[in-house]
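Got the model loaded in your viewer? Set the cartoon on, keep the selection box handy, and follow along stop by stop.

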Amino acid sequence: MPEGDTVWQAARRLHEALAGEVLIRSDFRVPKYATVDLTGRRVLSTVPRGKHLLTRFEGGLTLHTHLRMEGAWKVYVAGERWRGGPGHQIRVILGTDDRTAVGYRLQVLELLRTTEEERVVGHLGPDLLSPDWDPERALANLRTDPARPLGEALLDQRNLAGIGNIYKSELCFLLGATPWLPVGALPADRAEKLPGLAHRLLEANRDRPVRQTTGLRHQDLFVYGRAPRPCLRCRTPVRVADQGDGSQDRPTYWCPTCQTGPAPAPDAPQRWRERHRRTPT
């Protein structure tokens with residue numbers, strides 16, 4: 001799934017392209033909304049909530065979308081060739097006089113009353129990129145299940161919203177803990193700085209075209225996508241394994257020297273090496 005900074009950038013593109021404009025084209029290509037026509041309505045805003053996007057229209061309607069693994073919103077100027085994928089992957093088109101927003105491969109697409117937005121995002125924890133970001137609440141949420149592996153707790157959007165596989169791996173590296181370390185076993189000083197560190201990473205990257213966590217030239221990430229190359233700090237080969245119940249692809253990267261705590265058996269990550277060999281650094 002996308003990281004919170006990716007969703008924030010998508011929301012900004014949609015907002016800048018559509019907000020304040022009246023729709024002259026509205027095309028929903030999913031059976032449930034095939035007869036819906038928003039033509040003539042003014043777009044009020046698009047805002048991110050964690051990994052969710054909320055596009056609001058006059059008349060009290062909100063379009064709720066989620067990119068999941070493969071979804072994307074593309075914005076085109078009049079006459080520009082659409083390049084987001086084949087036509088059968090388009091789920092919705094919203095057009096104004098000079099901009100057209102096209103939603104590709106959106107697995108979550110729901111039209112609801114704006115007053116009902118909390119029904120779809122009310123379960124989320126504090127949003128790392130929201131003006132009302134609450135680090136104390138985020139830390140309290142993480143500590144509610146001290147036996148839970150740190151990596152799983154970070155991905156749980158009910159604890160704090162916006163972290164995906166990349167930031168999970170990078171945060172655990174920066175904290176010096178493996179993603180399988182129980183939350184309650186993380187030293188108190190490191191646990192207390194975790195929410196602020198996560199916030200700073202996403203804030204620093206929300207305007208960047210290429211995500212960067214290291215501060216090093218030509219080396220964007222510490223561990224994510226680096227297996228089996230050497231760790232940037234200690235030169236130990238970075239390892240990769242799956243984490244979770246197996247229902248989703250969640251490759252997890254870590255350095256066995258720089259990060260302390262439990263980890264899978266040495267042969268567990270082998271199946272990931274070919275699948276993620278071309279992951280960019």
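Select E203 to begin: you'll find it in helix α6, where helices (H or I, at least four residues) and strands (E, at least two) are DSSP runs, numbered from the N terminus. With a relative accessible area of 29%, E203 is partly exposed; on this scale buried means under 20%, exposed means over 50% and partly exposed is in between (1.4 Å probe, protein chains only). Now add G164, which is 39 residues away along the chain, and check the C-alpha atoms: E203 and G164 are separated by 15 Å.

A quick note before you click on: this is a predicted model, where local features need pLDDT of at least 70 and side-chain atom pairs count only at pLDDT 80 or more, while totals for chains, interfaces and linings use all residues. Residues are numbered from 1 along each chain as its sequence is written, and side-chain values use heavy atoms, with hydrogens and water left out.

Next, show residues 165-175 and 188-205 together. These are helices α5 and α6, packed at an angle of about 130 degrees with axes 10 Å apart; the axes are lines fitted to C-alpha atoms, for helices over the stretch in contact, and angles run from 0 to 180 degrees between N-to-C directions. That angle makes α5 oblique to α6, given that under 35 degrees counts as roughly parallel, over 145 as roughly antiparallel, 65 to 115 as roughly perpendicular and the rest as oblique.

Which residues of α5 meet α6? Turn on side chains for Y167, L171, L174 and L175; on the α6 side their partners include R190, L194, L197 and L201. Contact here means heavy atoms within 4.5 Å.

Stay on α5 and colour by accessibility. Ten of its eleven residues are buried, so the helix is mostly covered; among them are I166, Y167, F173 and L175. What do they pack against? The buried residues of α5 lie against α1 (4-18), α4 (150-155), α6 and β10 (251-254). Step just past the end of α5 to G176, which takes a positive phi of about 70 degrees.

Now for the rings. There are five aromatic pairs to hunt for, counting rings of Phe, Tyr and Trp (its six-membered ring) with centres within 6.5 Å; planes under 30 degrees apart are stacked, over 60 edge-to-face and the rest tilted. Pick F28 and Y33: their ring centres are 6.0 Å apart and the planes sit at 55 degrees, so this pair is tilted. Both F28 and Y33 are buried. Then go to Y76 and W82, a stacked pair with centres 5.9 Å apart and planes at 15 degrees. Y76 is buried at 2% relative accessibility, whereas W82 is partly exposed at 29%.

Last, some backbone oddities. Most residues other than glycine have a negative phi, and most peptide bonds are trans. Select R68, in the loop between β4 (61-66) and β5 (72-77): its phi is positive, about 50 degrees, although it is not a glycine. R68 is partly exposed, with a relative accessible area of 32%. R105 shows a positive phi too, near 55 degrees, and belongs to the loop between β7 (99-104) and β8 (108-113). Finish at the peptide bond from A227 to P228, which is cis with omega near 0 degrees; P228 is in the loop between α6 and β9 (239-242).
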